[in-house]
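Q: Please take a close look at one part of the structure shown below. I would like a connected account that begins there and follows it outward.

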Amino acid sequence: MSTVTLDGTSTRAAERTPRRTARFGAGRIASHAVMAVMAVYFLLPFWWLLVAATKNNDGLFGSQPLWFGGDFSLFDNLSRLFTQDDGVYLKWLRNSALYSVVSGFGATAVAALAGYAFAKLRFPGRNALFAALLGLIMVPMTALVLPTYLLMSEIGLTDSVWAVILPSLLNPFGVYLLRVYAHDSVPDEMLEAARIDGAGEFRVFLSVALPAMRPALVTVLLFTMVATWNNFFLPLVMLSDDDLFPLTVGLRTWYQSATIGSGGGQALFNVIVAGSLVAIIPLIIAFLLLQRYWRGGLTIGAVK
Amino acid sequence: MRIRKGPGRHAAAGWLFVTPFTVLLVAFLLLPMAYAAKLSLYRSTLVQGEVFAWLDNYRQALGDPEFRRGVVRVIVFGVVQTPVMIALALVFALLIDEATSRLSRFFRLAAFVPYAVPVVIGTLMWGFLYSPRTGLFSSAGGLDPLSGDTVLVSLGNVVTWQWAGYNMIVLYAALQGLPREVYESARIDGAGPVQIALRIKTPMISAAIVLVTIFTIIGTLQFFTEPLILQPLNPGAITNSYTPNMYAYHQAFSYQQYNYSAAISFLLGAVVFIGSYIFLFVTRRRSALR
Amino acid sequence: MSVRHSSLKRGRRRPVRAMVAVVAAAALTAAGCGGSGDAGGKPDGPVKIKVWAWYPSFKPVVDHFNKTHTDVQIEWTNAGTGQDQYTKLQTALKAGKGAPDVVMIEFQEIPTFQLTKHLVDMGEYGANAAKGNYVDWAWKQVSAGDKVYAIPVDAGPMAMLYRKDIFDKYKLTVPKTWAEFKEQAQKLKKASPSSFMTDFGANDGGFMTGLLWQAGARPFDYTSAKAPNIGLSLNGPQAKQTMSYWEDMVGTGLADTTAFATTDFYTGLTTGKYATYLAAGWGPGYLASVAKKTSGKWRAAPLPQWTDGANAQGDWGGSAFAVTDQSEHPKEATKVAMEIFGVDKEAWRIGIDQAFLFPTTTPILEWDYFRGKEYEFFGGQKVNEVFVPAYNGVGEFRWSPFNSYYFSQLTTALNQAIEKKTSWPAALDTVQQNLTKYASQQGFKVAP
């Protein structure tokens with residue numbers, strides 16, 4: 001952590017520093033060639049997806065993967081996507097958004113409270129609890145999904161939105177990050193001053209600590225939201241009602257049904273492709289719009 | 001609130017603030033762990049039901065060739081794929097740190113975007129592209145990315161595609177946090193960009209490198225979603241015991257061996273936990289986790 | 001409707017009275033369980049029955065049921081296809097809550113769920129009344145004596161779908177036996193080296209078991225009454241003969257081994273790479289939906305026989321509705337299981353035209369709408385004239401109570417034999433060994 005700064009502004013300041021790259025002409029060309037080739041590699045599947053979304057099953061199975069072919073069926077695919085199984089896809093889209101927004105804000109709030117308390121408040125058991133937290137960061141969460149399922153079924157919480165949201169609220173790493181950040185960036189004098197003014201601890205937290213922790217909060221929020229949006233194993237195990245599925249589990253269900261062949265299977269490949277395209281568009285737009293936050297915030301992610 | 005001096009002066013507030021987190025920690029980490037531990041000590045058979053069996057499940061797991069093959073597979077995968085991906089991420093990070101052009105900014109974004117794609121969708125896309133007859137390699141005479149010999153490499157490619165850019169950005173952020181003066185002076189002493197990158201920049205961000213490596217290792221040992229999604233394309237190569245996590249999943253959900261599954265999960269969790277701690281310990285001077 | 005509404009409202013305001021009503025309802029249901037009264041369980045309007053199923057186009061079927069029934073209403077959930085749903089069902093059954101009243105289960109999985117005693121004996125609720133609507137083998141898939149564990153819905157009798165244009169082009173004749181099938185395959189290979197006679201999808205346990213079934217192999221000697229005794233014979237002579245045949249077909253390049261239901265497989269069907277598709281009763285509609293471009297070029301013919309002139313048939317796929325032990329209304333649940341499709345022509349119209357289901361009840365099979373239906377995709381052929389006799393010719397067959405494990409072992413062993421080019425019959429020996437070991441571990445007494 002010592003070499004990592006959390007400060008978004010230093011990033012931007014550093015970019016303004018003039019560089020003398022022009023001196024190394026050959027190296028510059030070589031490095032740009034590498035970047036160009038690798039950019040093609042990273043974008044290739046997206047290009048395929050865009051092309052494939054315009055094809056019907058015949059086109060998918062019978063034409064070049066990287067170029068348009070067959071009938072242009074993009075709109076047909078989209079209309080099937082939104083009408084398949086009574087428009088369940090829209091529900092999945094809404095569920096994914098709900099889970100990631102609620103989990104994102106919830107986990108960030110929980111982590112902010114705890115991180116701040118670990119950094120700035122003294123209470124008995126603090127060190128022991130924090131040591132436990134450090135150890136638990138390393139516990140592989142997927143190994144716990146099954147026992148969590150069995151436990152939650154005891155209290156009848158499986159197959160509900162809570163079965164997905166509640167476990168996602170636990171983010172030991174977020175607590176750790178916010179503790180480090182609060183430790184460095186929330187000035188003790190300001191806390192004391194607020195207390196002397198008669199503010200209660202919660203007020204001090206809201207009015208002094210939270211604003212100072214903002215950049216780190218944004219980062220934790222973004223990461224939790226993306227992690228929940230992309231989560232697959234937890235909802236796969238927890239949910240049986242397809243009205244509650246997030247996109248990832250829903251699309252897998254269609255894929256499963258497309259590749260099962262036997263009775264009840266449906267070759268939904270074109271629908272799945274269109275669904276994949278629609279599913280990643282919001283994320284990519286969010287990415288482009290929030291670019292600044294990612295870059296600023298990712299310095300903190302240097303330890304994630 | 002009254003202001004008191006002394007170690008417990010925020011006791012009430014402190015506890016109150018960590019309560020939500022502690023409750024979650026107990027409910028979704030400690031209790032499930034304890035429950036898995038308890039389950040793993042019982043044995044249930046389809047015919048007789050559940051009986052206490054001490055460490056029988058662990059003994060069975062350690063002697064189970066399918067489980068062992070899965071463990072070896074993810075270790076091989078981790079040993080090969082992790083360094084390759086981290087090395088790529090490091091090279092990319094050093095490149096975009098050095099070059100400030102429109103292309104490098106574009107590349108930075110292009111490499112990072114796969115991270116925004118859910119693993120399920122990323123793997124589905126590559127699954128189509130791997131298809132021997134309609135995919136990318138259909139013209140590359142006889143190369144089948146999904147055959148038993150190549151599918152592990154193909155899976156490695158999916159993981160690399162998805163995460164290299166993310167790790168690149170993390171390392172890049174660490175590079176951006178370095179004080180510029182250090183290598184400006186080296187530059188004046190006549191060091192070229194390659195030397196600066198390897199001798200100065202890389203050692204200075206070793207903390208970040210250690211961390212991304214740890215998290216990658218934790219991720220690969222839990223390998224699950226990618227092979228599960230590719231499985232229908234070649235179930236002969238990707239079996240139900242392909243990775244320990246898939247094995248645990250199928251033991252529980254396909255074969256109803258919840259106890260055996262819990263033992264595998266617990267064993268896997270222990271291996272990952274101990275493994276990451278050893279790695280952290282060995283590299284502790286460089287590590288950033290305090 | 002309005003009566004139900006007001007009683008609900010009253011109930012909410014006066015919890016005590018609602019309690020009384022619930023107790024009364026429970027008592028009435030319990031009386032119903034005894035098999036005496038049939039007026040049970042409806043002081044508070046219709047009984048809600050939760051159903052899990054993954055049939056395509058199932059929503060209109062449910063709507064139709066709810067429209068035509070006033071005492072029982074279905075709440076339907078699609079909880080995943082195949083293994084996904086079984087996974088959820090197993091965990092819910094184990095957890096003791098969360099399972100539906102009625103659940104769709106494929107034939108081969110019924111013993112698995114029956115073994116853990118989570119399936120209600122529907123015979124106690126009058127399910128045996130439906131017995132006469134089913135041919136013997138189909139009814140035996142879901143029952144043991146008077147005990148009925150599920151009501152059959154659809155099946156998958158096997159037949160051969162072939163490309164008439166390709167057969168005409170290369171002057172192939174429609175094979176009556178597997179030996180002729182191979183001859184025609186060789187003829188095709190000679191004329192068009194890049195073509196295959198068919199595709200052998202070794203990823204599909206149901207497909208392979210269907211072929212074994214036709215060949216007369218009976219891998220499992222098991223009924224719920226016999227547990228914990230089970231007979232295992234995965235590597236019997238008929239099974240080995242079948243696998244040797246296909247090993248030879250694949251080894252000589254006459255049959256392809258692309259996994260079924262993958263994009264590559266569909267490509268093969270659309271591009272004419274495969275001259276035949278060994279399919280099941282649900283195959284024609286399914287094929288029509290994935291290979292639209294080839295419409296009119298396909299025909300159906302009976303599955304080739306091992307012995308000339310014989311009538312041995314196999315089944316690949318098929319499902320039924322079972323009632324779980326978590327249902328509080330087993331009587332109504334049984335009614336739902338029997339009547340969702342049952343012999344209801346409106347429901348079956350949807351099942352046949354939109355979901356490509358192959359019915360199991362004789363009245364529907366004999367119904368001209370189904371049997372006489374002309375399929376444009378098959379050049380106007382009445383393909384069910386091929387499939388219905390195939391269905392009637394299927395022999396009795398038993399499944400094991402650990403079918404997921406069996407399918408997984410079968411597909412793994414055969415795929416590895418294909419990959420490593422080792423002997424296929426030997427792969428069956430491996431399956432036999434692994435299953436024997438597994439069954440003993442699980443506490444079964446295994447007999448060969």
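A: What follows begins with chain B and its contacts, and then turns to the sheets of chain C and to chain A.

This is a predicted model, in which local features need pLDDT of at least 70 and side-chain atom pairs count only at pLDDT 80 or more, whereas totals for chains, interfaces and linings use all residues. Residues are numbered from 1 along each chain as its sequence is written, while chains are lettered from A and ligands numbered from 1 in the order in which they are written.

Where chain B meets chain A, 90 residues of chain B are in contact with 84 residues of chain A, contact meaning that the C-beta atoms of two residues, placed from the backbone, lie within 7 Å. On the side of chain B that touches chain A, the most is given by helix α1 (residues 11-40) of chain B, with 19 residues; helices (H or I, at least four residues) and strands (E, at least two) are DSSP runs, numbered from the N terminus. That side of chain B comprises 67 nonpolar, 19 polar and four charged residues, where Ala, Val, Leu, Ile, Met, Phe, Trp, Tyr, Cys and Pro count as nonpolar, Asp, Glu, Lys and Arg as charged, and the others, Gly among them, as polar.

Helix α14 (residues 247-259) of chain A packs with helix α5 (residues 119-130) of chain B at an angle of about 35°, their axes being 9 Å apart. Here axes are lines fitted to C-alpha atoms, for helices over the stretch in contact, and angles run from 0 to 180 degrees between N-to-C directions. A:Thr248, A:Leu251, A:Arg252 and A:Tyr255 of α14(A) make this contact with B:Val120, B:Ile121 and B:Leu124 of α5(B), and by class the contact of α14(A) with α5(B) has five nonpolar, one polar and one charged residues.

Within chain B, helix α11 (residues 244-253) and helix α12 (residues 258-282) pack with their axes 7 Å apart, at an angle of about 160°. α11(B) and α12(B) are therefore roughly antiparallel to each other, since angles over 145 degrees count as roughly antiparallel, under 35 as roughly parallel, 65 to 115 as roughly perpendicular and the rest as oblique. The crossing of α11(B) and α12(B) is left-handed, that is, the near helix is turned anticlockwise from the far one by less than a right angle, a clockwise turn being right-handed. Among the residues of α11(B) that meet α12(B) are B:Pro244, B:Tyr247 and B:Ala248, and on the α12(B) side the list includes B:Tyr258, B:Ile264 and B:Leu268. Eight nonpolar, four polar and no charged residues make up the contact of α11(B) with α12(B).

The contact of chain B with chain C takes 23 residues from chain B and 30 residues from chain C. The side of chain B that touches chain C has eleven nonpolar, eleven polar and one charged residues.

In chain C, five strands form an open sheet with mixed pairing, in the order β2-β1-β3-β14-β6; two strands pair if DSSP finds at least two bridges between them. Its edge strands, each pairing on one side only, are β2 (72-77) and β6 (151-157) of chain C, and neighbouring strands of this sheet are turned by 20° against each other on average, direction ignored. Strand β1 (residues 47-52) and strand β3 (residues 102-106) of chain C run parallel and are joined by two bridges, with C:Val51 opposite C:Val102 in β3(C). β6(C) pairs with strand β14 (residues 315-323) of chain C in the antiparallel sense over five bridges, and C:Asp315 in β14(C) is the bridge partner of C:Pro157. β6(C) is mostly covered, seven of its seven residues being buried; a residue is buried if 20 or more other C-beta atoms, placed from the backbone, lie within 10 Å of its own, exposed if 12 or fewer, and partly exposed in between.

Another open sheet of chain C has three strands in the order β9-β10-β15, again with mixed pairing. Strand β10 (residues 229-232) of chain C runs parallel to β15(C), and three bridges join them, with C:Asn229 opposite C:Lys445 in β15(C). Helix α19 (residues 424-441) of chain C lies across β10 and β15 of chain C, running at about 175° to β10(C).

Chain A, finally, has 16 helices and zero strands, and 53% of its 304 residues are buried.
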